[in-house]
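Here is a friendly walk through one structure, taking its strands first and its ligand afterwards. Keep the 3D view open as you read.

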Amino acid sequence: MTRTYLIKPVLDHHYPAITHGEGIYLYDSQGKQYIDGSSGAVTASIGHGVQEIIDAMAEQSKKVSFVYRSQFTTEAAEQLAKKISEIAPGNLNWSFFVNSGSEATETAMKIAIQYWQEKGMKTKSKIISRWMSYHGITMGALSMSGHIQRRERFELMLESYPSISAPYYYRDAGHRTITECDDFYAQQLEKEILRVGKDHIAAFIAEPMIGAAGGALTPSDEYFLKMKDVCDRYEILFIADEVMTGVGRTGKMFGMEHFNVIPDIMATGKGMSAGYTPIAAAVVSDKVMEPILNGSKIVMSGHTFSANPQSAATSLAVLNYIEKHNLVENSAVNGAYLKGKIRELAEESEIIGDVRGKGLFVGVEFVENKLTKKTFDRGLDIVNKIVEANFEEGLLVYPANAGEDGLTGDAIILAPPLTITKEEVDELVRKFAVALRNVEREVL
Ligand code: PLP
């Protein structure tokens, strides 16, 4: 093999080189076509090569590509912050721009801690999260995450934040109703707050629907109402991590809109610029900003590239594009169609245990035995097999297993660009069915 200089995720794995993309398709240097059924890492949400975005990027770079946020502001950053305050629920009116989802959740965490400090409650500094969750790779974000594979090498250096179960009805329900499960999860949160002490907890963080660590795990309509009620009773802020679910992915502009709960702080990223440039944000409510505005007047965080005008102009163009082309609605409609088609496949398949999700965020969980829900032998690496088999067929799917505990399910996520048409969904499903049959032949 020729020598390479780029550190890739798996160093001895061959990654084809992509030469270009158009719509939902990517093309490699050998001419192979792929359906981007995962929008990369649930990111390329308006598809590839959209001329309007390319034009907006060129327009901004002709004006200015970089200014430092401690010295100047730009029209691009100001307009993007205004746009986000318009599309975000409630009075989430303030944006702090960063460059990745990890920075967004970590900034959200810091702002939550600062909020309590400004109010004179200096011990409120821990964050409660759910064990099946992924909030990012940097140390603070990883401390709030339960993704075993991504944590284990750094375990000794992570903060030991409290954590509780995620709503995983497929495995937790058993003889319990969904309502009973939700009551159990809310009680767990309450018990954990009482154990640690409410004076030590700044916030509870949760993804509206769990992505990488669960495979589009979807709570009931009541789950978040119950969790928020506990947070309010014990004066704990609620941070929604919308990095994966935000900006139309689940068939609403933001995932929390399905559950009628407005967070105090929200992290968003990925689909915000649809991958055209790196940008993410911690979006903060008036309530949380108030003591900071009346107190130190400085949000203690920031990165060199924060509020980068090139990225801000790109994100603004993407948000306008999503609105202009009704892509949130398309996500709801074609997402329901996709989920229906995968459910049909699941009925015939011997290894699909669960199909879940909302909008174009569809999780598929695989089991060795559909009756007992027994997971496959760890050595089989079923998720990787599914991903590889789809890759062979020219379909990209997103792996979503949370660890090697033997209990956590093995899932993938289907999350094509929100621009996908019904005919393209059919094409995606045909490829998925072939890959599924190939894996079944191998493992059964
Ligand atoms: N939060 C959630 C819910 C995510 O899915 C991810 C990435 O997958 C992150 C945070 C971290 O984002 P990034 O990879 O951009 O740092």
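## Two hairpins

Gly23 takes a positive phi near 60° in the hairpin of strand 1 and strand 2, where two residues lie between the strands. Please bear in mind that this is a predicted model.

The hairpin of strand 2 and strand 3 has four residues between its strands, and here Gly31 is the residue with a positive phi, near 90°.

## How the strands pair

Strands of a sheet pair through backbone hydrogen bonds, in either a parallel or an antiparallel way. In this model, strand 1 and strand 2 (residues 25–28) run antiparallel and are joined by four bridges. Three bridges link strand 2 to strand 3, again with the strands running antiparallel.

Tyr27 is a handy residue to look for. This residue of strand 2 is the bridge partner of His20, and Tyr27 also stands opposite Gln33 in strand 3.

## The sheet as a whole

Together these make an open sheet of three strands in the order 1-2-3, with antiparallel pairing. Strand 1 (18–22) and strand 3 (33–35) stand at the edges with a single partner strand each, so one side of each has no neighbour in the sheet. Ignoring direction, neighbouring strands are turned against each other by 25° on average.

## Around the ligand

Which residues come nearest to the ligand? Of the 16 residues around the ligand, they are Ser100, Gly101, Ser102, Val243 and Met244.

Helix 4 (residues 101–118) gives the most to this shell, contributing three residues. By character, the shell divides into six nonpolar, eight polar and two charged residues.

Methods: Residues numbered from 1 in each chain as written. Predicted model: local features only at pLDDT ≥ 70, side-chain atom pairs only at ≥ 80, totals over all residues. Near = placed C-beta within 6 Å. Nonpolar A, V, L, I, M, F, W, Y, C, P; charged D, E, K, R; others polar. Pairing = 2+ DSSP bridges. Axes fitted to C-alpha atoms, helices over the stretch in contact; angles between N-to-C directions.
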